[in-house]
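Welcome! Take a moment to look over the sequence and the 3D picture below, and then we will walk through them together.

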Amino acid sequence: MENLGESSVRRSGGSPLGSKNKPKDNPSTTNKVVLVVPPGINIIQWVEGFAQDNGVSLAILTGSGAISEVALKHKGSQLQSQEFKEQLNLVSFSGAYILSPSGGGSSSTKFFNTSLVRDDYSVVSGSALHMVALGPVLLSVFFLSDPKFYKITSTD
């Protein structure tokens, strides 16, 4: 019988034993995550606070869950915002919160667009100004740790 010895023992790849190069749990180093917004929370304020507190810009790819109230505005419309205080289900939710290049939250860029379904199966949509979670709301988010800003100029 052949003695295999230590020379045939294989180690999995990765960092050498004892290496101090461990992944850090920091939102700015993570690309894609799922954020869970607790019930009763204004989702828009929560996302803005999360981004400011963690110093990250973020893009919301989608969301799912139940909403108890929402205020929607339609771009270009002269009407006041529409408010709904009833159970609504998220069909679509996307948006972004981009910190200003100087790092201050006061001049950040933000938008949040949503489509929701009512109990009578009608759909309401627009730019969300205020949106309260009825139950846990899951947001699929992509962090932009150091976004680059480009100024597009007209060629006319």
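What share of the contacts in the protein chain with a separation of 6 or more comes from residues 24 or more positions apart? Such residues account for 69% of those contacts. Please keep in mind that this is a predicted model. Here is a short tour, topic by topic.

**The overall layout**
- The protein chain has one helix and seven strands.
- If you follow the sequence from start to end, these elements come in the pattern β-α-β-β-β-β-β-β.
- The chain has 156 residues, and 31% of them are buried.
- About 10700 Å² of the protein chain is exposed, with 52% of that area supplied by carbon and sulfur atoms.

**Two salt bridges**
- Side chains of opposite charge can pair when their charged atoms come close.
- How many salt bridges does a search of the whole structure find? The search finds two.

**The pair Lys110 and Glu48**
- Lys110 forms a salt bridge with Glu48, and their closest N and O atoms are 2.8 Å apart.
- Lys110 belongs to strand β5 (residues 109-117) and Glu48 to helix α1 (residues 43-54), so this pair ties together parts that are 62 residues apart in sequence.
- Is Glu48 buried or exposed? Glu48 is buried, because its relative accessible area of 15% is under the 20% cut-off.
- Its partner Lys110 is partly exposed, with a relative accessible area of 46%.

**The pair Glu86 and Arg118**
- Glu86 forms a salt bridge with Arg118, and here the closest N and O atoms are 2.9 Å apart.
- Glu86 sits in strand β4 (residues 82-98), while Arg118 sits in the loop between β5 and β6 (123-133), so the pair ties together parts that are 32 residues apart in sequence.
- Glu86 is partly exposed, with a relative accessible area of 24%.
- Arg118 is partly exposed as well, and its relative accessible area is 24%.

**A residue to look up: Tyr121**
- Where is Tyr121 placed? You can find Tyr121 in the loop between β5 and β6.
- Most residues other than glycine have a negative phi.
- Tyr121 has a positive phi of about 70°, although it is not a glycine.
- Tyr121 is exposed, because its relative accessible area of 71% is over the 50% cut-off.

Definitions and conventions: Residues numbered from 1 in each chain as written. Predicted model: local features only at pLDDT ≥ 70, side-chain atom pairs only at ≥ 80, totals over all residues. Heavy atoms only, no water. Salt bridge = Lys/Arg side-chain N within 4 Å of Asp/Glu carboxyl O. Helix = DSSP H or I, 4+ residues; strand = E, 2+ residues; numbered from the N terminus. Buried < 20%, exposed > 50% of the residue type's maximum accessible area, 1.4 Å probe, protein only. Contact = heavy atoms within 4.5 Å. Areas by Shrake-Rupley, 256 points an atom, 1.4 Å probe, with all protein chains shown as cover.
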